[in-house]
Amino acid sequence: MHGEGFFFQAFVYLAAAVISVPIAKRMGLGSVLGYLIAGFIIGPFGLKLIGTEGQDVMHFAEFGVVMMLFLIGLELEPSLLWRLRGPILGMGGLQVLITTAVISSIGVVLGLTFQTALAIGMILSLSSTAIVLQTLNEKGLISTDAGQSSFSVLLFQDIAVIPMFAVLPLLAVNTAGSPADSASARQGTSWVEGLPGWGHALAVAVVISVIIIIGLYLVRPFFRSVARTRIRELFTATALLLVIGIALLMSKVGLSPALGTFLAGVVLANSEYRHELEGDIEPFKGLLLGLFFISVGSSIDFGIISANPGLAGMLVGGLIFIKLVILLMLGRVFNMGSDQNLLFAFALAQGGEFAFVLFSFAVQNNVMSTGLANPLIGAVALSMALTPLLLLVNERLVQPRFGTKEEESGEADSIDEVNPVIIAGFGSFGSIIGRLLRANGVGITVLDVDSDKVELLRKLGLKVFYGNAARHDLLHAAGAEKAKLLVLAMDDYKNILEIVHITKKHFPHLRIFARAAGRSQAYELLDAGVDHVYRETLDTSLRAGVDVLRDLGFRSHQAHRAMKTFRYHDEESVNTLRHLRHDHKTYISHARQRIEDLEQLLLSELRDAEEHHDTGWDTSTMREEIGGSGEKEQKGI
Amino acid sequence: MKTYKNSIFILFAHPALQKSRVNKQLIRYVRDIEGVTFHDLYEEYPDFHIHVAREQQLVVKHDIIVFHHPLFWFSVPALLKEWMDLVLQHMWAYGYKGMALKGKKLLSVISTGGRESLFQEKGYNRHTIAEFLYPIAQTARVCGMDYLPPFVVHGTHTITKEEIARNGEDYRKIITGLRDGTIDLELARTLPRLNSDTDSILGMQEK
């Protein structure tokens, strides 16, 4: 034992993370790889600062995955989930089935019994939700076609884990063991133990309904009463209680806790406490996931690998190769662009964290021997560790050759002039700006993460760079040094804020024009040093307001002028109220902040009601002066 | 900061300055003079939504107001007319309580496409520039302002670069002279244009 106690352990883990992650990030490797390397360094095969207890840490840290799925659920409104049902069932189902079939066949060919081969096939068909989603998120690729498809497949896999737990005991080769402890092996005692099949199904249905009912009807009033206490940590405690409670409930009926919290997240996606919950759970998720990655890194058994490097290499290489080929074919079948397809395949070509649990579960149920399972576990861990590297290889080596180029390979006649404007994000918002500029002969350089779009725009002759503008080197390549201004038109606010910070640091001369969803984002962006902020709904809602006024009988010009006056005061108030916000010393929640902002706004409008009164072309005072009737025209019509 | 006898507010109205030959040059001679506030109306209010209170505050702060614009259909460009309609309010600019402009001076600085010979009783336009400017002159009167003879640059379609430059110099001299109070206004009022004989009204006619 190297540890003198809990604090020493914590110190080792934290120090490893704090040192290696920034280095990995600076080298462009991403945080996941940083954690994995940290784990390897402190692990039994590195500095030996932690021993085999890394395994226990891993089981604990798996809870980070549970939290991550809760957060993903929060971002996913039920309607979006419903829209994704095709990819989830189609793509996810096919991926699991085909991969299972292929790997099982190979196992049979290699002389394993059918049962064992099938178990291995099923377990290895899973990919790592934690690593894939974390990495894609970090690269800002989650909203692309490949990102969404990866997410769908991972979601299906998480669901597929449940029947796998049910099926594995049936595959026992040697029935002399104890097949009875089916689902219980994972989480200790289970309520559904010994129940007949229909009873189990009923219990599952009841628990899922309970989660939905809690999410829909009980959580809000409960959170409201907690929020009223104004004690920050109590809210955090409640959020944790919710997640842990659901996880516990799910495992009691033998379901995946991750799936349960995901469900709870989806149910709460529309609630007003969504941002609150996100903010509270996020740091825990981040820490636990980091811990999880570190423990994966430390658990890679280099003893086995060094004992038989050829076998280990074959296993890892074979696993990645088989999954890669199947995913590439799937992407082709589902009409993915070549680039997205590559990303999708490289992202998912690894084993998953559930494999660790499932393999030990399989051994317990006599489906396979430890001697068989251990090298496979090692291969899965290694393939997970290789994923961020594989994605880098794809990004730097494969895609530039076969997919969309990051930079347009300058055709002979293309003069590499520097455009004055860089537009990051060419969606509905950015494309309108870009079209207006081009219609007026202003050169634009576009940055976008959607490779299909990038291909199209390049065909049309635009100067387009492929990738996330939060990368300093990409901005540099796009000519940020010589450009005059940068338009941030993505709908991903966090990404925008990140780019603002990077631009302010590396290209301070660029004037920044940024899109914001609402006032609070506008405040933050202005505070971060953005020159101009555009609230995306402001002009549309004002136009709607004008039409409402006109429909009520206001003259067109009158309604239009009223709108203009209102708009002016509204823009002014962004500046005044922004500074007022800083006077708050105490913490208040996001939702509360929005209400307070609105209150300030309405109050100031009441105070300055006179300013909204249109004095143009008003002859009442004139008539008064020359002795005519002094009454004003009726306001409005 | 140095204080001058008169502060000057140039209200410049040109809807398409990017296409301008003359006015684009003229404003270069005056926009940075100390004691002069240059106010580009079409740049400030491209949507014609004039901020009345702000404009009134600006006007009050100055002693001499200049309307600088090309002559469109013998009148001011639309935005300058909108400015007059909205900013020169009753009870502020005129009426028994409207004293904000009283005692200030108003000067029109105008460019016309037509040559000077067209602006005569017998000419194609049948009236002199001063006659076309009666609405402005009367507006100034109603607001208690002193309307000066206009500064006019004629024949902008055929004018040469040298002539534009000379007009620019005159414009600068006159604005500076108005600022410092060195212009012989008695003499100026006898001339058809403020820039008919710039050197004389500035008292330096050693030609």
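This is a walk through a predicted model with two chains, A and B. Residues are numbered from 1 along each chain as its sequence is written, and chains are lettered from A in the order in which they are written. Because the model is predicted, local features need pLDDT of at least 70, side-chain atom pairs count only at pLDDT 80 or more, and totals for chains, interfaces and linings use all residues.

Let's start with confidence. The model scores ipTM 0.83 and pTM 0.56. Chain B has a mean pLDDT of 93 (pLDDT is the predictor's confidence in each residue, from 0 to 100), and 98% of its residues reach 70 or more.

Now for chain A. It holds 28 helices and 6 strands; these are DSSP runs, numbered from the N terminus, with at least four residues for a helix (H or I) and at least two for a strand (E). Of its 637 residues, 40% count as buried. A residue is buried if 20 or more other C-beta atoms lie within 10 Å of its own, exposed if 12 or fewer, and partly exposed in between, with C-beta atoms placed from the backbone.

The strands of chain A give us something to follow. An open sheet of 6 strands runs in the order E3-E2-E1-E4-E5-E6, with parallel pairing; two strands pair if DSSP finds at least two bridges between them. At the edges sit E3 (463-466) and E6 (532-535) of chain A, each pairing on one side only. From one strand to the next, the twist averages 15 degrees. Helix H21 (residues 451-459) of chain A packs on this sheet, touching strands E2 (444-448) and E3 of chain A, and its direction makes about 160 degrees with that of E3(A). Here axes are lines fitted to C-alpha atoms, for helices over the stretch in contact, and angles run from 0 to 180 degrees between N-to-C directions.

Look next at strand E1 (residues 421-424) of chain A. In a regular strand the side chains alternate between the two faces of the sheet. Both faces of E1(A) are covered: A:Val421 and A:Ile423 on one side, and A:Ile422 and A:Ala424 on the other, are all buried. E1(A) pairs with E2(A) in the parallel sense over 4 bridges, and A:Ala424 has A:Leu447 in E2(A) as its bridge partner. Another 4 bridges join the parallel strands E4 (residues 485-488) and E5 (residues 511-516) of chain A, where A:Val487 stands opposite A:Phe513.

What about the cores? The largest nonpolar core has 127 residues, and A:Phe70, A:Ala119, A:Phe292 and A:Ala355 have the most contacts inside it. Such a core is a set of buried Ala, Val, Leu, Ile, Met, Phe, Trp, Tyr and Cys residues joined through C-beta atoms within 7 Å. Apart from it lies another core, of 52 residues, including B:Val30 and B:Tyr171.

That brings us to chain B, with 9 helices and 6 strands. Of its 207 residues, 36% count as buried. Strand E3 (residues 64-70) of chain B has 6 of its 7 residues buried, so it is largely enclosed by the rest of the structure. E3(B) is joined to the parallel strand E1 (residues 8-12) of chain B by 5 bridges, and to strand E4 (residues 105-111) of chain B, also in the parallel sense, by 7.

Finally, where do the chains meet? 11 residues of chain B are in contact with 9 residues of chain A, contact being C-beta atoms, placed from the backbone, within 7 Å.
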